[in-house]
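Below is an explanation of one protein structure, taken step by step. It begins with a term and then moves through the strands and the contacts between side chains.

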Amino acid sequence: KSAGIQFLDKDVRAEQSAVDTGEVLAIGPTAFKDFGGDPWCKVGDTVVYARHSGKRIKDGETEYLALNDEDIVAVME
């Protein structure tokens with residue numbers, strides 16, 4: 001017999017729409033190229049991104065999150 005967790009529809013929807021915010025520290029040279037336009041954010045902007053996106057990178061005690069440009073949901077003003 002196996003055990004597991006059953007998510008209610010409400011819980012699944014809430015988790016799928018979960019977002020976090022962060023500050024843009026750098027933008028790579030190929031960012032936004034696939035979208036054919038100018039970058040919609042710049043270094044120093046606070047952005048909203050999908051919670052489970054990107055890759056975490058540790059540099060000593062500091063942890064960074066490398067995101068793909070399509071994972072950015074909004075720029076906060």
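A salt bridge here is a side-chain nitrogen of Lys or Arg within 4 Å of a carboxyl oxygen of Asp or Glu. The model to which this term is applied is a predicted one. Side chains of opposite charge can pair when their charged atoms come close. By this criterion the structure holds three salt bridges.

One of them joins the side chains of D20 and R51, with an N to O distance of 3.4 Å. D20 belongs to strand β1, while R51 sits in the loop between β2 and β3, so this salt bridge ties together parts that are 31 residues apart in sequence. How accessible are the two partners? D20 is partly exposed, at a relative accessible area of 25%. R51 is partly exposed too, with a value of 33%.

Another salt bridge links K42 and D45, whose side chains meet at 3.0 Å, N to O. Here the partners fall into separate classes of accessibility. K42 counts as exposed because its relative accessibility is 54%, and the cut-off for that class is over 50%. D45 has a relative accessible area of 13% and is therefore buried, the limit for this class being under 20%.

The remaining pair is R56 and E63, where the closest N and O atoms are 3.6 Å apart. R56 is exposed, with a relative accessible area of 55%, whereas E63 is partly exposed at 44%.

The strands can now be placed. Strands of a sheet pair through backbone hydrogen bonds, either parallel or antiparallel. In this model, three strands form an open sheet in the order β1-β2-β5, and their pairing is antiparallel. β1 (19-23) and β5 (72-76) are the edge strands, each pairing on one side only. On average, and with direction ignored, neighbouring strands of this sheet are turned by 30 degrees against each other.

Within the sheet, β1 is joined to β2 (residues 46-50) by five bridges, and the two strands run antiparallel. One point of this register is V19, whose bridge partner in β2 is A50.

Another pairing involves β3 (55-59) and β4 (62-66). Five bridges join β3 to β4, and these strands also run antiparallel. Together they form a hairpin with two residues between them. At the turn, G60 has a positive phi of about 65 degrees. D59 stands opposite T62 in β4. How many of the five residues of β3 are buried? The count is zero, and β3 is hardly covered.

After β4, the chain enters the loop between β4 and β5, where L67 is found. Which residues does L67 contact, leaving aside its neighbours within four places in sequence? They are Y49, S53 and G54. For G54, 13 residues away along the chain, the C-alpha atom is separated from that of L67 by 4.3 Å. L67 has a relative accessible area of 28%, which means that the residue counts as partly exposed.

Terms used. Residues numbered from 1 in each chain as written. Predicted model: local features only at pLDDT ≥ 70, side-chain atom pairs only at ≥ 80, totals over all residues. Heavy atoms only, no water. Pairing = 2+ DSSP bridges. Helix = DSSP H or I, 4+ residues; strand = E, 2+ residues; numbered from the N terminus. Axes fitted to C-alpha atoms, helices over the stretch in contact; angles between N-to-C directions. Buried < 20%, exposed > 50% of the residue type's maximum accessible area, 1.4 Å probe, protein only. Contact = heavy atoms within 4.5 Å.
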